[in-house]
Amino acid sequence: GRVQPGLAVHLFPSYELDNLAEFPTPHMLSSSMEEVVLQAKVIHGGNYQAISNLLHTSMAAPSRAAVENGVDALVGMNCLTLRGELTVLGRAVAAIPVQPMVAKMLLAAGVLRVVKPCAVVAAFLSLKSPFLQTVGQGDRDASKKFFDEGLASDHFMMIKAYTEWRKAVARGEGEAFCDTKGLSLETMEMAYMMVSQFVNFMIEAGYDGSDVDGGDHGEVQPVKAGSRVDAMVRAALVMGFQPQVAALYQGNVKPYWYYADGSRDGAEVSPFLGSCNKDYPNPRKDGDEWMVFSDVMKMGRFNSIMDSTLVSSSYIILLVNALMTSGNEIRFGRWWARTSSSKTISKMIRLLRTDVQEQFAKALGGRNLAEFPKALCDDIYDFITQPPLELTELAPCPADIAEECIGHEDLNTYLWQCDDCET
């Protein structure tokens, strides 16, 4: 049993016997392939071909397509160079035992000084949604609405649920709170342990945010709507989850969500039915509003986003991996648009982007998150809280501008060097 040695007996109907697997699914095949490839790269070293051969000759060999997709995702996240070498970012991400995108988000939260709320998001994304206890869909939706403060974010709902639960725990009412609000007590308790571990890890990496000044590292303050923490957490999500962003286009009743998946026209996606953003209203204009997410899955004919957070175009333009302007045209990531921004504004954006990317790399290279200047955090906050940058004729592109225009003098990006080159 769970509390002492014993025997567990599981009963099932005989007609299910033929449907049961002879052996459990190997961990390699049930884990994120990006995580598997990255860990293999750290442990084994070598080039892409060596890693591919290592994985393909293992007892539980993944498909070649899965490995290639994992490598492509890591290159897009700057964890690997285009030649498949491990970068400083890749090594830092690999040191955190969660999915690479979640680990990168935590590192971004570290330099932006908002580790604790982002640690809560990382914990639930690494475990499972806490809103799974109740039987009925209606009951579950009602319990989730209690934590929805109109922030257009499933991730902020997780933070709200966690902070309210911790308040209840302090009153000695933690279990009753979970029962009343339809939360999984087991998930909440596991999340608390993970939050503490994440925060401790970031402190060891030099984190100097004010949210860890004394007290229990598992305790997190609520995030107020419209606050600086609100804005900087959204920025950390964008930095970590890029290129997983969906643009919102005006529809007849609700907006169309489009994700640049590498195809010519992009892919239409939608929030899953339990998302607080499932009924999000039409944007004022195309390109102003975006949703950032960590995972999308095929559900029947539809691509469904599990958890999403609203951000403006200012976040995307500042924090996307690569950007290039020409006249009134702008390419960023896998997107193209026209913009009315002046040359002065375009130059300011490029300078700020360069500073952010270089200082992020310097902090990770020096193994000290505190090296990221606090004054630069102020500049980021000032930029992302301004009105959305106007984008017209927004359209997805089949290729990322970082790969399409490598070496172009007008391309604004940071070329992460291999880890050995940095050290």
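This briefing describes the aromatic rings of the structure and the charged side chains that sit over some of them. The model is a predicted one, and it holds 11 aromatic pairs. Two of these pairs are described below, followed by a cluster and two contacts between arginine and tyrosine.

**The pair Phe-124 and Tyr-162**

- The ring centres of Phe-124 and Tyr-162 lie 6.4 Å apart and their planes meet at 75°, so this pair counts as edge-to-face.
- Phe-124 belongs to helix H7, which covers residues 115–126, while Tyr-162 belongs to helix H9, which covers residues 154–170, and the pair thus links distant parts of the chain, 38 residues apart.
- Both Phe-124 and Tyr-162 are buried.

**The pair Phe-147 and Phe-177**

- For Phe-147 and Phe-177 the ring centres are 6.2 Å apart with the planes at 65°, and because that angle is over 60 degrees, the pair is edge-to-face.
- Since Phe-147 is part of helix H8 (residues 137–147) and Phe-177 is part of helix H10 (residues 174–181), the pair ties together parts that are 30 residues apart in sequence.
- Phe-147 is buried, as is Phe-177.
- Phe-147 and Phe-177 also belong, together with Phe-131 and Phe-146, to one aromatic cluster.

**Charges over rings**

- Arg-166 is placed over the face of Tyr-192, at a distance of 4.0 Å from the ring centre.
- Arg-228 has its charged end over the ring of Tyr-381, and the distance to the centre of that ring is 5.2 Å.

Key: Residues numbered from 1 in each chain as written. Predicted model: local features only at pLDDT ≥ 70, side-chain atom pairs only at ≥ 80, totals over all residues. Heavy atoms only, no water. Phe/Tyr/Trp six-rings, centres within 6.5 Å; stacked < 30°, edge-to-face > 60°. Helix = DSSP H or I, 4+ residues; strand = E, 2+ residues; numbered from the N terminus. Buried < 20%, exposed > 50% of the residue type's maximum accessible area, 1.4 Å probe, protein only. Lys NZ or Arg CZ within 6 Å of the ring centre and 35° of its normal.
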